[in-house]
Every structure is written in C-alpha cells, then in structure tokens.
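Subject: Structure for your files, with notes on packing and open space

Hello,

Here is the structure you asked about. Please look it over before reading the notes below it.

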Amino acid sequence: MRQKIVAGNWKMNKTLQEGVELAKNVNDILAKNAPKCTVILGTPFIHLTEVVKTVDSKNIKVAAENCADMASGAYTGEVSAAMVKSTGAQYVILGHSERRTYYGETDAILKEKVDLALANGLLPIFCIGEVLEQREAGKQNEVVKAQVENALFHLSADDFGKIVLAYEPVWAIGTGKTATSAQAEEIHAYIRSVIAAKYGKEVADNTTILYGGSCKASNAKELFAQPDVDGGLIGGASLKAEDFYGIIEAYN
Ligand code: PEP
C-alpha cells in the first residue's frame, strides 16, 4: 500500500550520545502528537541499536543509511544487510547521491545491495535523481528511468512492492534550493508512469515516492500536497527534533 512517509537522513552527523538524544526528542514530541504518516529515522550504523531501543516503534521506524553489497566475509569496515537487520532497523537507504558520487556506487552495485536488503527482510528506500547539468540539458527523465530500470526492474512485482523510492534532485540536496512543487510533481508522475509500464497501474499506484532536497517545514506542505509526492527524505532538517517535527506536521 502507498504510504505517506517522512524519513530523516542524519548522514555522518551526531555522536552516539547526541543521536540518542535526538531520537528521544523526536520520540517525545510524537508521543504527544501522534504522526499521521510513517516516520523513519535514518541513522549511522553505530546508532541503530540504541535508537531502536529509544523510540516507540508504533510512531518511529529506523533505517540504516547504507549496507554492503556482499553478504558476509572479509570486507573490512563493511556492514551487511543481515547485521543491519539484527539491530532491529526495518529500512535501509540505498543509492543516495552522496554514496553514488563519493563512493562510486554504480547501478550494478546498488542492484546487489537491493537484493541483499530484501533477502534479509529490510525495506529499501531507494534514491534516484539527476545532477544539475542533466537537469539543464533536459535529461532528468531519462536519468531517473535508467536508475530505476538498472537497479530495480529485475525484481518481481512482489519485491518491487517493498521498495520506497526517493526522488532527490542532486542540485537540491543540502543547497537550500528546492525543486518547485510543479517540478517535483512532474517527475514523480513520470517515475510512476515508468513503474506502471513495467509492473502495471496497481503496483505503480501503490509505490511510495518521496521527495528529497532542501525540504523543510516551510515548503513541506506544498510539496506533499502534490498527488504523486508521498512524503519526504530529509537531510539537514532532520538534525533538530523541532525542525523535523515541523515537516512531519505537514500531514497533520
Ligand atoms: C538528503 O541528503 O537526502 C537530503 C534530502 O538532504 P537535505 O534535506 O539536507 O537537502
């Protein structure tokens, strides 16, 4: 079923103690103001176990920001999907543009990660999006289509149904420059049409597609009001409980 989701992505921020405090603060706010959407905290690996213990799972789910493209073994420094699952996290963010750009994650690598995540019972939040140059050349549709096709279209309809997509124009991430609600709607609707062409209308209608890129309390309501925008993946504004709640509140 298509869900409304507001997911935070803390990236490489917060010590363990600071992260637990942030999770506790978000949890306290939501205990008093039950969210009308699924709320997810995406945290570094080291926070997962403690954040899972800190939050009420009725109100808050937990996501890793990555997992390995190998199942287990001699891969020093890596964290497998099975390890993430064992912390109690339910989701894993995959294909974030920072991972694609700084760590060379290709569609082929991401395909492996998606398969391992699903095989271990994790739900991928799969990020796609074009860089500024591609947007200026009018190539955004072909870029996101290829990203989805190459890493996800080998999945059965059943497994595809477990994927949450996050459209994040790279030029809007951490830049303060947000896509307009019309730009977001246009490409979200396009992404849904690509899914419909492969898996049919029902699967496409049930796919949650989040927007990410400088989303904040002041623009969330308008973005989330678009028919094909099902919530947000939030970076900077997820690092303070009140700011993050300001976005969650867009659904209240
Ligand atoms: C992100 O990195 O997923 C993101 C959307 O970041 P920000 O909200 O800071 O632009």
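The axes of α7 and helix α9 (residues 181–199) cross at roughly 40° and come within 10 Å. Please keep in mind that this is a predicted model. An angle counts as oblique when it is neither under 35 degrees, nor over 145, nor in the range 65 to 115, and α7 and α9 are therefore oblique to each other. The crossing in which α7 passes α9 is right-handed. On the α7 side, the residues that meet α9 are Gln140, Asn141, Val144, Lys145 and Leu152. Their partners in α9 are Ile187, Tyr190, Ile191, Val194 and Tyr199. By class, this contact of α7 with α9 has seven nonpolar residues, two polar and one charged.

Helix α7 (residues 140–152) also packs against helix α5 (residues 107–119), at an angle of about 50° and with the axes 8 Å apart. That angle makes α5 oblique to α7. The crossing of α5 and α7 is right-handed. From α5, the residues involved are Asp107, Leu110, Lys111 and Val114. They meet Ala146, Gln147, Asn150, Ala151 and Leu152 in α7. Five nonpolar, two polar and two charged residues make up the contact of α5 with α7. Leu152 of α7 appears in the contact with α5 and also in the contact with α9.

A further helix pair is α1 (residues 16–32) with α12 (residues 241–248), where the axes lie 9 Å apart and the packing angle is about 40°. Helices α1 and α12 are therefore oblique to each other, and α1 passes α12 in a right-handed crossing. Helix α1 contributes Leu22, Asn25, Val26, Ile29 and Leu30 to the contact, while α12 contributes Ala241, Glu242, Phe244, Tyr245 and Ile248. Of the residues in the contact of α1 with α12, eight are nonpolar, one is polar and one is charged.

Now for the pockets. The largest pocket has a volume of about 530 Å³. Its lining consists of 20 residues, and those nearest the centre are Met12, Glu65, Asn66, Arg99 and Tyr103. Helix α4 gives the largest share of that lining, three residues. The lining of the largest pocket divides into 10 nonpolar, five polar and five charged residues.

The second largest pocket has a volume of about 200 Å³. It is lined by 17 residues, of which Gly174, Gly213, Ser214, Gly235 and Gly236 are the closest to its centre. Nine polar residues, five nonpolar and three charged form the lining of the second largest pocket.

How many cavities of 30 Å³ or more does a search of the whole structure find? The search finds one. The space in the largest cavity is about 40 Å³. Its lining is made of Gly95, His96, Ser97, Arg100, Cys127, Ile128, Gly129, Glu168 and Ile173. The elements that give two or more residues to this lining are α4 (97–102) and β5 (123–128). By class, the cavity lining has four polar, three nonpolar and two charged residues. Helix α4 thus takes part in the lining of the largest pocket as well as that of the largest cavity.

Regards

Note on methods: Residues are numbered from 1 along each chain as its sequence is written. This is a predicted model: local features need pLDDT of at least 70, side-chain atom pairs count only at pLDDT 80 or more; totals for chains, interfaces and linings use all residues. Side-chain values use heavy atoms; hydrogens and water are left out. Axes are lines fitted to C-alpha atoms, for helices over the stretch in contact, and angles run from 0 to 180 degrees between N-to-C directions. Helices (H or I, at least four residues) and strands (E, at least two) are DSSP runs, numbered from the N terminus. A crossing is left-handed if the near helix is turned anticlockwise from the far one by less than a right angle, and right-handed if clockwise. Contact means heavy atoms within 4.5 Å. Ala, Val, Leu, Ile, Met, Phe, Trp, Tyr, Cys and Pro count as nonpolar, Asp, Glu, Lys and Arg as charged, and the others, Gly among them, as polar. On a 1 Å grid over the protein atoms alone, a cavity is a set of points where a 1.4 Å probe fits but cannot get out, and a pocket is an open set with protein on both sides within 12 Å along at least five of seven lines; lining residues have an atom within 4 Å of a point. Grid points are joined across faces, edges and corners, and a volume is the space filled by probe spheres set on the points.
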